[in-house]
Amino acid sequence: MRRFLLLLPAAGLLVALVIVLATEYVVARPSRRAKDVAYVAATAPDFDKERHILDVYSPKKAAPNGVGYPVVMFIHGGSWTSGSKNIYTFIGRRLAKQGVVAVVINYRLAPAVHVPEQAADCARALAWTVSSIKQYGGDPARIFVMGHSAGGGLAALLATDDALLATHGLPQNPVRGAVMDDPAGLDMYSYLKEMKYEGDQEYLVPFGPDPAVWKAQSPIYKIRPGIPPFLFFIGGETYPSISGSSGRFRDRLKAIGQPAPYTVIPGRHHVPMVLQLYWKDNIIYKGLLKMVEAGRIKN
């Protein structure tokens, strides 16, 4: 009996693993994945074969409109020092299952590079998406960006920093909307000036010591009329710095006549805000799909 009781946790874990794998198989069937596609030329002097790559998840069936499916580029978090696209296959699969071409990217990490170089990598991935997504069934006229944590801040830069995009071959900003999933880095200028939380010095590793860089990499200072619409999902138990900067970002959008839907999910901490994307019927996908549909209507 004692041995049986000891086996129960392992048996439960095995059952859970079987359920997860079975779910992934069912989700994967209607989609295809192009893995480790380089978005920077291998001849580029700064090419990184591990970080300048992305995965594309496409519905297997051709888009019924003959133009292509809408596209969502997802940018992972990890405090600008860690993270990988390989963790987020479930996001790619679930988006593809719902009629969206998903582009899930890697970018270089600190301390090897700083945030300006990371933002440049994201812009290069976006430029690749515009030029290449048609061959994967996507519509280059309907590209949206989405990010969690540090990835949310980088996604916001793509939506607001036209100069960044122009530097990397995009004279017109192609982003039709931005989905913020508990975003970090929206206002690192104020955050790093205050330094009021324990461990804040660590963020000088990705952002460096220059306040001018902090401000240049803070999308809250790039808000202006004409930027794409934003959609916010914030954990009710997330970090105060994230809820605070997100609220200020929303208020600045409202001040220019561009109110952004802003949903606080009660009881949800920072990491579970991205883990919930394992379930395709969660509130973030629902909001994202509404934004995508609105973009189709305006197209």
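In which sense do S6 and S7 pair, and over how many bridges? They pair in the parallel sense, over 4 bridges, and I would like to start from that pair and work outwards. Before that, a word on the source: this is a predicted model, in which local features need pLDDT of at least 70 and side-chain atom pairs count only at pLDDT 80 or more, while totals for chains, interfaces and linings use all residues. Residues are numbered from 1 along each chain as its sequence is written, and side-chain values use heavy atoms, with hydrogens and water left out.

Let me give the overall picture. The protein chain holds 11 helices and 8 strands, where helices (H or I, at least four residues) and strands (E, at least two) are DSSP runs, numbered from the N terminus. Of its 299 residues, 51% count as buried, and buried here means under 20% relative accessible area, with exposed meaning over 50% and partly exposed lying in between (1.4 Å probe, protein chains only). If we take contacts between residues at least 6 apart in sequence, 77% of them join residues at least 24 apart, a contact being heavy atoms within 4.5 Å.

Now to the sheet. As general background, strands of a sheet pair through backbone hydrogen bonds, either parallel or antiparallel. Here 8 strands form an open sheet in the order S1-S2-S4-S3-S5-S6-S7-S8, with mixed pairing, and two strands are said to pair if DSSP finds at least two bridges between them. At the edges are strand S1 (31-38) and strand S8 (262-265), each of which pairs on one side only. Neighbouring strands of this sheet are turned by 15° against each other on average, direction ignored; for such angles, axes are lines fitted to C-alpha atoms, for helices over the stretch in contact, and the angles run from 0 to 180 degrees between N-to-C directions.

Helix H2 (residues 89-97) packs on this sheet, touching S1, strand S2 (53-59), strand S3 (69-75) and strand S4 (101-105), and its direction makes about 30° with that of S2. Because 7 of the 9 residues of H2 are buried, this helix is largely enclosed by the rest of the structure; among the buried ones are Arg 93 and Arg 94. Just after H2, Gly 99 takes a positive phi of about 80°. Helix H3 (residues 115-132) lies across S1, S2, S3, S4, S5 and strand S6 (175-183), and runs at about 165° to S3.

Let us return to S7. On one side, Ala 178 stands opposite Phe 230 in S7. Strand S7 (residues 230-235) is also joined to S8 by 4 bridges, and these two strands run parallel; Phe 232 stands opposite Tyr 262 in S8, and the bridge partner of Gly 235 in S8 is Ile 265. Is S7 mostly covered or uncovered? It is mostly covered, with 6 of its 6 residues buried: Phe 230, Phe 232 and Ile 234 lie on one side, and Leu 231, Phe 233 and Gly 235 on the other.

Next comes the empty space, which in general is revealed by rolling a probe the size of a water molecule over the atoms. On a 1 Å grid over the protein atoms alone, a cavity is a set of points where a 1.4 Å probe fits but cannot get out, and a pocket is an open set with protein on both sides within 12 Å along at least five of seven lines; lining residues have an atom within 4 Å of a point. Grid points are joined across faces, edges and corners, and a volume is the space filled by probe spheres set on the points.

The largest pocket holds about 640 Å³ of space. Its lining has 34 residues, of which Ala 184, Tyr 203, Tyr 239, Ser 241 and Ile 242 lie nearest the centre, and H9 gives the most to that lining, with 6 residues. The largest cavity has a volume of about 30 Å³, and Ala 184 is one of the residues that line this cavity. Helix H4 (residues 150-160) gives the most to the cavity lining, with 4 residues, and since 11 of the 11 residues of H4 are buried, H4 is largely enclosed by the rest of the structure.

Finally, some backbone details. The peptide bond from Ala 110 to Pro 111 is cis, with omega near 10°, and Pro 111 sits in the loop between S4 and H3. Ser 149, in strand S5, has a positive phi near 55° and is buried, with a relative accessible area of 10%.
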